[in-house]
Amino acid sequence: MSENENILLSLSPAEREEMKKTLWRETMKNTLQCRGCALAESRLKVVFGDGDPNSRLLFIGEGPGADEDEQGIPFVGKAGQLLTQILTAAGIDRREVYITNIVKCRPPGNRVPTPAECVACDRHLQTQIMLINPALIVLLGNTPARWILQTTEGITKLRGRWFEWRGTAVMPMFHPSYLLRNASSKEGSPKHLTWLDIQEVKKQWEAVKATGSISGIRFG
């Protein structure tokens, strides 16, 4: 057992919670001041995240768009509004989850972040994940799915399946912006598949809230 683990075990629950708050404030400060890649030159605002940092359910998207860049909050544009509608329809309150992105600054023209940009931002993301300590992670779209799972497979093959990642259950889903470009809701369409996926997330989220465990999830 490491020295840091010994220190954590010696703390009371209240002391551990206070330490988490301190570390959360510090990583937010570092992220908001970050100039680790060229995206810092064109951004309006750093988009750190939104929601409950004590949630066990984490959503990770690709990167901010124009609305997010202006407001400093993830998923507030058209795709974000659709995400909120999807969560609400499934009985998930957006305020009870945490939402962030792979990169915290808007890529020009909403292009896909480069690998170098993802690497530069990864320390912020990994610190968020460590402090939140989610039981469930939902990856929205190709970029977060490929980055977290370290795969070249596309979202069409990955979606709807649970993957184990560092003791956490991870579910890739279509990004809401993709659903906006594919309006059909017929059986087998991206919207229909997303509805099936979010219902599975809801089911496992309820199980986590009841038991604190992901033991009922079937991976792969």
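Helices here are DSSP runs of type H or I with at least four residues, and they are numbered from the N terminus. The model on screen is predicted. Keep the residue numbering from 1 as you go.

**Stop 1: the end of H7**

Select residues 142-149, which form helix H7. Step past its end to Gln-150, where phi is positive, near 55 degrees. Gln-150 is a residue other than glycine. Its place is the loop between H7 and H8. Is Gln-150 buried or exposed? At 60% relative accessibility, Gln-150 counts as exposed, because the cut-off for that class is over 50%.

**Stop 2: inside H7**

Go back into the helix. Colour Thr-143, Pro-144, Ala-145, Ile-148 and Leu-149: these residues of H7 are buried. What covers them? Show strand E2 (57-61), H6 and strand E4 (136-140), which are among the covering elements. Then add helix H8 (155-158), strand E5 (163-165) and strand E6 (168-173), also part of that cover.

**Stop 3: H6 against H7**

Select residues 115-132 for helix H6 and keep H7 in view. The two helices pack at an angle of about 75 degrees, and their axes lie 12 Å apart. H6 is therefore roughly perpendicular to H7, a label that covers angles of 65 to 115 degrees.

Now show side chains. On the H6 side, pick Pro-115, Cys-118, Val-119, Asp-122, Leu-125, Gln-126 and Ile-129. They meet Thr-143, Trp-147 and Ile-148 in H7. Sorted by class, this contact holds seven nonpolar, two polar and one charged residues.

**Stop 4: the largest pocket**

Turn on a surface and look for the largest pocket, with a space of about 720 Å³. To find its centre, select Glu-62, Gly-63, Asn-110, His-175 and Ser-177, the closest to that point among the 31 lining residues. Which helices each give at least two residues to the lining? Highlight helix H4 (66-71), helix H5 (78-89), H6, H7 and helix H9 (176-181). H7 provides the largest share, four residues. The lining divides into 13 nonpolar, 11 polar and seven charged residues.

**Stop 5: Ala-66 in H4**

Select Ala-66, found in helix H4. Its relative accessible area is 37%, and Ala-66 is partly exposed. Leave out residues up to four places away in sequence, and Ala-66 touches Arg-106 and Asn-110. For a distance check, draw a line from the C-alpha of Ala-66 to that of Asn-101. The label should read 14 Å, across 35 residues of sequence.

**Stop 6: Phe-75**

Follow the chain into the loop between H4 and H5 and stop at Phe-75. Phe-75 is not a glycine, yet phi is positive there, at about 55 degrees. Is Phe-75 buried or exposed? With 6% relative accessibility, Phe-75 counts as buried.

**Stop 7: the cavity**

Switch from pockets to enclosed space. How many cavities of 30 Å³ or more are there? The count comes to one. The largest cavity holds about 100 Å³ of space. Select Cys-34, Cys-37, Arg-43, Cys-105 and Cys-121, which lie nearest its centre out of 16 lining residues. Helix H3 (39-42) and H6 each bring at least two residues to this lining. H6 gives the most, with four. By class, the lining of the largest cavity has nine nonpolar, three polar and four charged residues.

**Stop 8: Ser-42 in H3**

Stay with helix H3 and select Ser-42. Ser-42 is partly exposed, at a relative accessible area of 41%. Setting aside neighbours within four places in sequence, Ser-42 is in contact with Arg-106 and Pro-108. Now jump to Leu-58, 16 residues apart from Ser-42 along the chain. Their C-alpha atoms are separated by 27 Å.

**Stop 9: Thr-194 in H10**

Finish at residues 190-211, helix H10, and select Thr-194 within that helix. What is its relative accessible area? The value is 2%, and Thr-194 is buried. Show Ile-86, Met-173, Phe-174 and Leu-179 around Thr-194: these are its contacts once neighbours within four places in sequence are left aside.

Note on methods: This is a predicted model: local features need pLDDT of at least 70, side-chain atom pairs count only at pLDDT 80 or more; totals for chains, interfaces and linings use all residues. Side-chain values use heavy atoms; hydrogens and water are left out. Axes are lines fitted to C-alpha atoms, for helices over the stretch in contact, and angles run from 0 to 180 degrees between N-to-C directions. Angles under 35 degrees count as roughly parallel, over 145 as roughly antiparallel, 65 to 115 as roughly perpendicular and the rest as oblique. Contact means heavy atoms within 4.5 Å. Ala, Val, Leu, Ile, Met, Phe, Trp, Tyr, Cys and Pro count as nonpolar, Asp, Glu, Lys and Arg as charged, and the others, Gly among them, as polar. On a 1 Å grid over the protein atoms alone, a cavity is a set of points where a 1.4 Å probe fits but cannot get out, and a pocket is an open set with protein on both sides within 12 Å along at least five of seven lines; lining residues have an atom within 4 Å of a point. Grid points are joined across faces, edges and corners, and a volume is the space filled by probe spheres set on the points. Buried means under 20% relative accessible area, exposed over 50%, partly exposed in between (1.4 Å probe, protein chains only).
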